[in-house]
Structures are given as structure tokens and as C-alpha cells.
Amino acid sequence: MNGTLSTVAVISVLYTTLIFLIAWYAHHRKESGRSIISNPVIYALSLGVYCTSWTYYGSVGKAATTGIDFLLIYLGPSLTAFSWLFLLRRIIKISKEHNITSIADFLSQRYGKSPWLGALVTIIAFLGIMPYIALQLKAVSTSFNLLSGMQTNPTAFIELESGTTIPTGLILALILALFSIIFGARRLVSSERHEGLIAAVAFESLVKLVALLVVGIFVTYGLFDGFIDIFERFKVADPERFSQLFTFNISKNDPNYISTFTLLFLSMGAIMLLPRQFHVMVIENSDERHISTAMWLFPAYLFLINIFVMPIAIGGILTTGSSSGADFFVLRLPQLAGYRSIALLAFLGGLSAAAGMVMVESIAISTMLLNHIFMPVIVRFTPRTWFPILLINLKRFGIVLVVMLGFFYYKIIGDSYTLVNMGLISFSAASQFMPAMLGGLYWKRGNKAGAISGILLGFMIWLYTLLLPSFSKSGWIPETLLSNGPFGIGLLKPTELFGLTGMDLWSHSLFWSMFFNISSYVICSILLTQNEQERDQVHKFIGIFGQDESHRRTERKRLSKPVTTDQFFTLMSKFIGESEAHKALNIYSSGQKITGEVTISEFDLPNLKRFTEKTLAGSVGGAAARAIVNNFLSDIGSSMEPVYDIFSTVRSNLDQNRESLFVRLKASEIINRTLDLQVIMDDLLKLLVKEFKLDVALIQAKNTEDVFSIRSIQWRDLSTTHQPECYQENIPFLDLAYRDQKAHFINDLRLDRTVTALDKTVAEGFISCAHIPIYREGEPVIAVLSLFSKSIAGLFTQEFIELLSSLAGQLAQAITIVQEIEAKQLERSQKETALLKTARITRDMEIAQQIQKSFLPDSAPVIAGVDIAGRCISAAHVGGDYYDFFLRNDLTVDIVIADVSGHSVGAALIMSEVRTLLRAETNSIRTPHAILETLNTQLYDDLTRAELFITMFYAKYDAATGILSYSNAGHNHPVLQRADESLCQELDTEGLILGVIKNVLFEEQAVKLVSGDILLFYTDGLTEACNGEGIMFNTSGVYSHLKTCSNLSAKEIIDSYYAMIHAFTGSQNLQDDISLVVVKIT
Amino acid sequence: MKRLRTKIMHSMQLRESWIIFFILGIIMMTFPFLHIFNKPILLFGVPLLFLYLTTGWIISIIVIYLFMIASHHENEIKEENIKP
């Protein structure tokens, strides 16, 4: 006997070690990033935690006593599986989104993160699960005793031969608690998946399935000859019991299907609402796609695990002759047949079923306890560094508490209930969550008051009609309470409440609890309104499937005092430890594309706050996380306050609502109405002031001295005196806006004094202000739009700033257009002025030309025997060529030809000066060289100053003697064509150009002219005239032409030269002035 | 055969049919149907109600399985449509 005991004990320990190794391996794989758990089959198997030792032993027990209705407990979940495609998927999506840790957390978060609801759900789950845990402990310790051949007593103490007792149930409870702690409470983050635990659970699911199949096949095909054989033999052997077991109540001749429906309903709810089912289904789900496989694989699992239950039960009855002790037929049948190994396998299957359930359940419940019972108390204290250690140990304590409470329940209730009945009490408790759960997922109006009151009422009915009778049966509560009702009031009898008779215990309890639960939920939800927090959460839970998830939800709240990232980090690390906090923030910053060091914008702060809350929720639950963050904020003097809703209506479509569109429309009307910038700016500011209830709006721009000046300003209250100093204070912001092209704003000047001293602005009574740069994309800032408000803090929301920036952009566009138009007009008028000026100059030049022409002699002097002609054609309006004749007496004439360098007005002026001087000199001075010398001296200063030179040839001809005396000041040599010679002769003397040196001596020579001699004076324009190929006319051209026209008169010679030059250059316009003087001796 | 399969799958892709099957399942588990099969007789040597429940169960599992294949099929078609 002792040997059997030790064998069973050793095998149990070995099996436990195996499970531990599997869990450790899975954990190890996850750490190295190659999860074996992320697999739909494992997921489906882990859902098999639904099948506890209740299924394993209890199903057979129920099949043998009440018959086929045990199947309904598994048909219900199979039906529910149909709904997983949308229901479970939705729950998982929401839970992942909000780091939900348990079903209590889910319900609490859905109903405004209510801590009360979380606590209520936790208490119900905690109390409701107690019988269930007890059931497992009872099953395992009984099976252990059966297998080891020990006689069992109700308190499950094994009496050894030595007289010492081993409390099997207690040891089992402690071992299971230890296991749960190792797998489920090594770390605090509860929203994280426990891969080791799931691996263990999935393996256990497999073991219990295999074990039950082996036993089933053994019984059906080993002890009997298949299904048909068992059924037929049973029908023959005991037709009455056959009818009882294989029909619903037909043996009583009163087939009602209420209990059928109750079982179906309870199991349909339980598969999703039991804390452990919620845990494995939702929290431990690694991939939404696994659902679709689990949808058919899990029902298939249930089918397989149940297919042999009926044959085993019938086989048991046929073998033992009765249904007493049917709960353990699975174990006893192989044992009775002498197959100990099969019995041992069956025992391990039962152990697996119990262990898996207790572990998952205790972890799930302890998480709920920590987050919804302990945390609300803890958050009232200031966070300390040892908080993470406290929290994790509280969670471990919770596990032990859950398991031990189950143990004590087991000790109290003992054997008074069958396994199935104990399980159904738990199912019934879990079903109280159903209205709030389904309503929470699909009914927007479902509110906190409804959920709390409904669940509370349902729970109280459950407590009264189910849990209380279960205690009274064990003798804790007087039987009279059940038979006569409290204080003898028959209507309040727990099993026949309000006189409802004829229903079984479960249906009765379910009816009344659901009646009160649903009615209260619906009535409260309809009558009472949701508060803002609730509405927020409803939107998150129901709204996320209605719209595009990527659509950014516009923030409706702001932090009244900015909080830094570091502060949030410190807060998080106090609860989840520094490394976890660091990890979390890294995730946040990579998602937001900001680094931790960079200060985040005011608009992002609420996001960070929400993220902090979400992260903490993963460890302590949503309600507690909210309390922690809110406490923290109020400690530092900040709070979430509603954003001033500038666009008071339409909240649904926040992006482009009516007000915003109206303002945009008005603005574009203003801009397009006129080209007067001042009017545009004034009207736009008026519009802003009026529509957004601002106090002052102004536009400032930098003037040419880089100083800001006000271009336009509008007040709401026109009577207020205008204090420009306070706008001066804001200039740093303007500079900033100019530089970074971003809007700068302060939503509460009273709080935010850190950046710049804005004392005058505050003194003026402004409490919020914004400075928006006016610029076009990719261009520098033109001006800055500044807005001030005295009444509204938090006026400048992200959407408002966006609207203002967009208006500023429109204004910039308008300004640019106006500026372009103005620039074009300016250019045009400048051109006109320039043209006018040119015309005036041209006219002046023409006048100058006329005057200059008039300086030249109108006609040549008439002297007997000499034919003189002269002409000057200038290339420009005015030129520097000059020739003149001075008639001394009837027979003597002075001929001068000169060229002032350049064609400028200066040259012309010098020319006129030369003329004046010459006229004066020729009266006193007689000889050419003296005239040149005097002229040089007189002109030297003027020429030097003007940087001009003069070449001049001065000749004096005396017709009486025929002597031509001459002096040259660097001028082109005149050509003398003798009548009797074919060669030309050049006249030249020594002499410098005028204006180079002050005192120059000029040589004078003389030549005698005879009749027929032709003398040609010319300026360099003649010889330097070029044809199209760049060849100059040259002196040779001058000479050769002179020969050909010696027979012409002086005037004709000049004409022929001009014609010649025009022909040579091929142009009517001269390149340079050409002056010619011809003297022909007749 | 293949055409038939495609046709069945196509008609099963409707989300509504999910709910129809779900409701049908519940109806099959309530009074009138249960009453029909609630008789203490053997059919093919198997108790009638036991046979009814287990067969119905198997059928429901097969239906879900087919649905899953259909919805995978649909997703694949969708993905193919998106890719090019």
C-alpha cells in the first residue's frame, strides 16, 4: 500500500517536473525570440483550459447520474465559437489597444475606467471562482487517494500507518500556488503574455485529451465491444435508466427544456467570461489570426474529449452496477480491470486538467485583485522606489490567497456537492458579466451606473440563491432558511424566490439574477447620462471599428501645466521599475518619431499622458493607472482641463467643421475682394476677433531698419486704450516665428512664465496669446500675426493653430500678389521716366548740335583767286571736330582745323572754348605758331582737367604772295596736290598735341601755292573710316581720290569725298566726325 | 466539382451567414427540435438524442471549418487585388 502511494507520488513529481521543463523551454524560446507559443494550434489547445477536472471526472459523473445533459456544457462553447469571428476579435483588438489585463480591467475601462466596477467584478470573480478551485482540489486529492488505495475522508487527510497524516489537498494547493507564481507572477506586467504558462497549459490540455481518449477506447473497445454494444447492453440491462440518461427529463413524463437552456446559456457565457478563459483567449493571444483556427479546432477538441464520456459512464454503470462514485469512473474502471498503467495515465490527465485550471485562474484573479483591490489603496500613497517589489509580491500573495480560499471552501463544503454542481456555481457567477460585456461592446449608451447596478444586483441574487444554499447544505447555515425562508417569509426562500417554483436550482438563480441584472443595466443606462470620461472610453471601445483607425483623434483636453518627459519617466519607473519604464518610453518615442531629450509639443503631452496611463495599465489596470497619473498631475499642480471648444458645434467631424469652413470662406472673400493690403489685413483681423472672441489681433512686420512695426491692429473692445508696450514684449516670439516659421503660442500666460518675461502682457489682462508667421511655403516670413485673448485659457488648440496657419498662408499669398502687382507698376513708371529723360537729353543734344553747327562757319570767305570750302558732318549729336576761317583782310585768310578727342559734350564745350579763344587771339597774334603756342598755354588747364586733347592745324594764306604759312599741333597732315605734280605732298611741322605740356614751341613753315594747287585739310574721321571688312580708308585713299577730282570746285571736292566715304563704308552713318576743308587756288 | 466548391465558398463569405448559422445552432438546441429527438430509442444501435447531438456537433465543426477556409480564400483574393 505504501509502495503504491510512493509510486503515485513519484510519478506525480516527475510529471510536474516535465511540465515545468516544458514551460521553461517555452520561456527560453521566447527570450531568444523564437516563440513556440505563437501558433494557432497551441492557442486552441490553451483554450482547452476550459476542460478542467470537472470535465475530466465530473462529466462522467453527470452522465452517469443525470444523463446526456452534460453535453450541453460543451455544446454551448461550440456555438459561441461561431461568434468569435467578430466578438472575440473585437475584444482582443480593444484589449491590445489598451493594455487590458483582465476581464475586470476590460469592464472597468469600458465604463469610464471606473475603479468601483473593477473592484466589483474582481470580488464576484474571486468569490465565484472559489467553488471551482475547490472542485479541482477535491478532484485531484480524491483521485490521488483512489489511485494510491488510501481511504479518503472528507478533509482529505491521508492517514499513514505511522499515524501521521498528509494533508493531500493542502500540499496540492501549495504546489499549484507555487507553480502559478513561477509561471505567472515573475514579472509585474500583466498585459504581457506568459509563454511558459501557456506552453504548460497547452501541454496539459493535450495530456488530458490523450488520457481521456485512451481510457475511453479502453472502456469502449477493451471492456466492451464498441459503442453500439455498450448502448444496446445498457438498454437491455436497465431500460428505465436508459430512458433517464439518454433523454431530457422524459422519464418524469414532464419534459421541460428550461434546465437544458440554462446549461446551454451558462456554458455559452462561461467560455468567454470566466476569468481564466478571458485570460487565455484575450490576454495571452499572440495573433488575432489564431482565432480563425481556434474557432473550429477548439470545438473539435471539446467533441473529442467528450465523445467517450457517455460510453465510460454507461460502462461504469454496467461494470459496477450502480452510478455511485461515478465521478471517478475514469480512474476506477481501468483500476478494477487491473490496468494500473492506464489508471495512472488517467490520474495524470486529471492532474493536468486541475493544475492548468488552477494556475491560469489564480493568476488571472490575482491580477484582478492587485489591480482593482490593492492598487486603489496603494495609489493613495506617494510612490516609493520599493513599489515595484511591493506590487509583485502583492500579486504573488493574491495567487496564494485565491488557491487557499478554494482549499478552505473545499474543506467546508466537502463532499456535499458533486463536481458538476460546484462548477455550475462558478459559471453562474461569471454569467453576471454578460450583459455589461455585450452591452459594452455594442451599445453606446450602456453606462457605468447601469453596469455597476446590474452586476451588483445579479451578484446579490447569485449570492442568495446559489452560494448560500451551497453553504447550507454543508450545515453552515440552518436548513430552515432554505425550507422556510428568512424570518419565515416564504416569498424570500433562496431556492424559490418570490414564489417561483418548479425550476431547478440553476435555472431559478439564472432567471432572477439575469432579470435584475439586465433590467437594471438597461434602465440605468437609459435614464442616467454618461460623464465625459465614460464617453471618451465608449468612443475608444465602440468607435474604433466605425472609422479608420489611423485617423488621428483630435485632442479635446490639455494639460494646464506642461509636464516633461522625464517626470513621466520617473512616475512610471516608480511602479514598473526603471528598465521597463525605459523600454516603454523608447517604444513611445520611436512611434512618435521624437527623441526623449527633445521637448515635446504641448499637443503631444496629452498623448504622452495617455501613453503613460496605458503603460501603467498594463501592470496595475486601467482604473488604478488613471488614478496614479491624475494624482501625480495634481501633485505638480497640473490637471487635464477641457480644451476651449472654439468650434462649438459638430464634434463628430473634427477636421473640417462648419465654423472652420465658415471662417475660411469669409477669409478668402476678404482676400479676393480688394487689392488694398491694408483693407485686407484690417478686415481679416476683424473677422478673427469677431469669430473667435479674441481681444486683440495684430499684424506686425519688420521695416527696412529691421524693427517690428504694426501694420494692422484690431480690438474687440474699441474703447480700451491701446498699450503698444505689451506687444513689444512679445517681440522675441516674433523673431522666433520669423526664424523657424512656426506658430508660437502660450495657452496660459499665468502659468507659463519660463520662456520670456511677459509682465506687461499679463498686467494688461491677457491670458493667452499666439504668434503665427505669415509666409508662403518655401519663402521667408513676411509678417507675424499675433492674437491675444483675455478670457480664454487654452484657446489655441492644435486645430485652431492649424486653421490660423492656413489663414496666414492665404494672407501671405495675397500679400505676395499685391506686391508683385505693385512691383510691376513701379517698373513700368520707371521705364516711362527713363524714356522721357532720354528724349529730353536727345532734344538737348540736338539743340547742342545745332549750336555747335552754328559755331562752324556758314560759308567760306570769298577771296580772289582762292576757292575755299569747308564742311563738318558729325557722327554723334555733338562732336569735337572744328574748322574755321578768319578773314584778316581781303587777301589774307587763316584756316584752322582741329579735333578735340572724344565725341562727348565735354569735347563740344572745349571746341567752343577753342573757338572763342581763337577769335580773340587772331585779332592780336599774327603767326600760326604763336597762335598755337598761346592757345596751348591758355587751354592747358582746362584740357588737363577734362582729360582731353586737341589736335590742330593752323594755316595762314596770303593770296597776294601765294604763301601759306602753317603750324601743326599733332593734327593729320593736310594734303597738297600740286597742279603740275602727280604726287601729293603732306604739310607737316614739328609740334605737340595741345594740352599735353603747358609750354610748347611750335615750328612754322611756309609753302608757296600756285594756281591749280588743291589743299585738303581733314580730320582723322576720314582716314580711319572703315569698310565692312575692317579696312581703313587711309591716306592713300585720300590722295588717290584727290587726284581724280582736281578739276572740281572746292565744294564739289568735299561732296565727292563724302560720297566716296559713304560708298566705301557702305553706310549712310559715319563712324566718326569727318571735317573737310578744301582750298583750291584758281 | 470545383465550380460547386467555389460557388459554395462564395455564398459562405457573407458575414450574415455567420449569424444565420449561429442562430440556427441555437434553434437546433431548443425546445421543438430537442423534443423531436428526445426519445428513449436506439437508432443504428445509438441512442437517438446522443446521435442527434453528436452529429449536429460534428456538422457545426465542419461548417466553421469550411467558413474559415472560405474567409482565408476571400482574404487571399483581396490581397491579390490589392497587390497589383
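**Two sheets, two cores and a contact between chains**

Strand 15 of chain A and strand 16 of chain A run antiparallel and are joined by three bridges. The model in which they are found is a predicted one. Within this pair, Gln977(A) stands opposite Cys984(A), a residue of strand 16 of chain A. Strand 15 covers residues 975-977 and strand 16 covers residues 984-986 of chain A, and Arg978(A) lies in the loop between them.

Is Arg978(A) buried, exposed or partly exposed? Residues count as buried when 20 or more other C-beta atoms lie within 10 Å, and as exposed when there are 12 or fewer. Arg978(A) has 18 other C-beta atoms within 10 Å and is therefore partly exposed. If residues up to four places away in sequence are not counted, Arg978(A) touches Gln985(A) and Asp1013(A). Ser1046(A) is 68 residues from Arg978(A) in sequence, but the C-alpha atoms of the two are 9.3 Å apart in space.

The pair of strands 15 and 16 belongs to an open sheet of five strands in chain A, with the order 10-19-18-15-16 and antiparallel pairing. Strand 10 (866-873) and strand 16 of chain A are its edge strands, each pairing on one side only. From one strand to the next, the twist averages 15°. In general, the strands of a sheet pair through backbone hydrogen bonds, in either a parallel or an antiparallel way.

Two helices pack on this sheet. Helix 38 of chain A, residues 1034-1044, touches strand 15, strand 16 and strand 18 (1014-1018) of chain A, and its direction makes about 30° with that of strand 15 of chain A. Helix 39 of chain A, residues 1050-1065, touches strand 10, strand 18 and strand 19 (1074-1081) of chain A. The direction of helix 39 makes about 145° with that of strand 19 of chain A.

Chain A has another open sheet of five strands, whose order is 11-12-13-14-17 and whose pairing is antiparallel. Here the edge strands, each pairing on one side only, are strand 11 (881-887) and strand 17 (1005-1008) of chain A. The twist in this sheet averages 15° from one strand to the next. Helix 36 of chain A, residues 928-946, packs on the sheet and touches strand 13 (950-958) and strand 14 of chain A; the direction of helix 36 makes about 155° with that of strand 13 of chain A.

At one edge, strand 11 of chain A pairs in the antiparallel sense with strand 12 of chain A, residues 892-900, over seven bridges. These two strands form a hairpin with four residues between them, and Tyr882(A) stands opposite Ala898(A) in strand 12 of chain A. At the other edge, four bridges pair strand 14 of chain A, residues 963-969, with strand 17 of chain A, again in the antiparallel sense. In this pair Tyr966(A) stands opposite Gln1005(A) of strand 17 of chain A.

The sheets are part of a chain with 39 helices and 19 strands. Chain A has 1082 residues, of which 48% count as buried. Among its contacts with a separation of 6 or more, 76% are between residues 24 or more positions apart.

Nonpolar side chains tend to be buried together in soluble globular proteins. The largest nonpolar core here has 217 residues, and Leu107(A), Ala313(A) and Val330(A) have the most contacts inside it. Helix 17 of chain A, residues 340-378, supplies the largest share of this core, 23 residues. At least three residues of the core come from each of domain 1 (2-446) and domain 2 (547-642) of chain A. Beyond its neighbours within four places in sequence, Leu107(A) is in contact with Leu117(A), Val121(A), Phe433(A), Ala436(A), Met437(A), Gly440(A) and Ala451(A). Another core, of 61 residues, lies apart from the largest one; among its members are Ala955(A), Ala969(A), Leu994(A) and Tyr1018(A).

Chain B has 84 residues, and buried residues make up 18% of them. Chain B contains four helices and two strands, which follow the pattern α-α-α-β-β-α along the sequence.

How many residues does each chain give to the contact between chain A and chain B? Chain A gives 32 residues and chain B gives 28 residues. On the side of chain A, the elements that give two or more residues are helix 4 (72-83), helix 10 (227-237), helix 11 (239-245), helix 12 (258-273) and helix 14 (290-307) of chain A. By class, that side has 24 nonpolar, six polar and two charged residues.

Conventions:
Residues are numbered from 1 along each chain as its sequence is written. Chains are lettered from A and ligands numbered from 1 in the order in which they are written. This is a predicted model: local features need pLDDT of at least 70, side-chain atom pairs count only at pLDDT 80 or more; totals for chains, interfaces and linings use all residues. Two residues are in contact if their C-beta atoms, placed from the backbone, lie within 7 Å. Ala, Val, Leu, Ile, Met, Phe, Trp, Tyr, Cys and Pro count as nonpolar, Asp, Glu, Lys and Arg as charged, and the others, Gly among them, as polar. Two strands pair if DSSP finds at least two bridges between them. Axes are lines fitted to C-alpha atoms, for helices over the stretch in contact, and angles run from 0 to 180 degrees between N-to-C directions. A nonpolar core is a set of buried Ala, Val, Leu, Ile, Met, Phe, Trp, Tyr and Cys residues joined through C-beta atoms within 7 Å. Domain bounds come from an automatic or database domain assignment.
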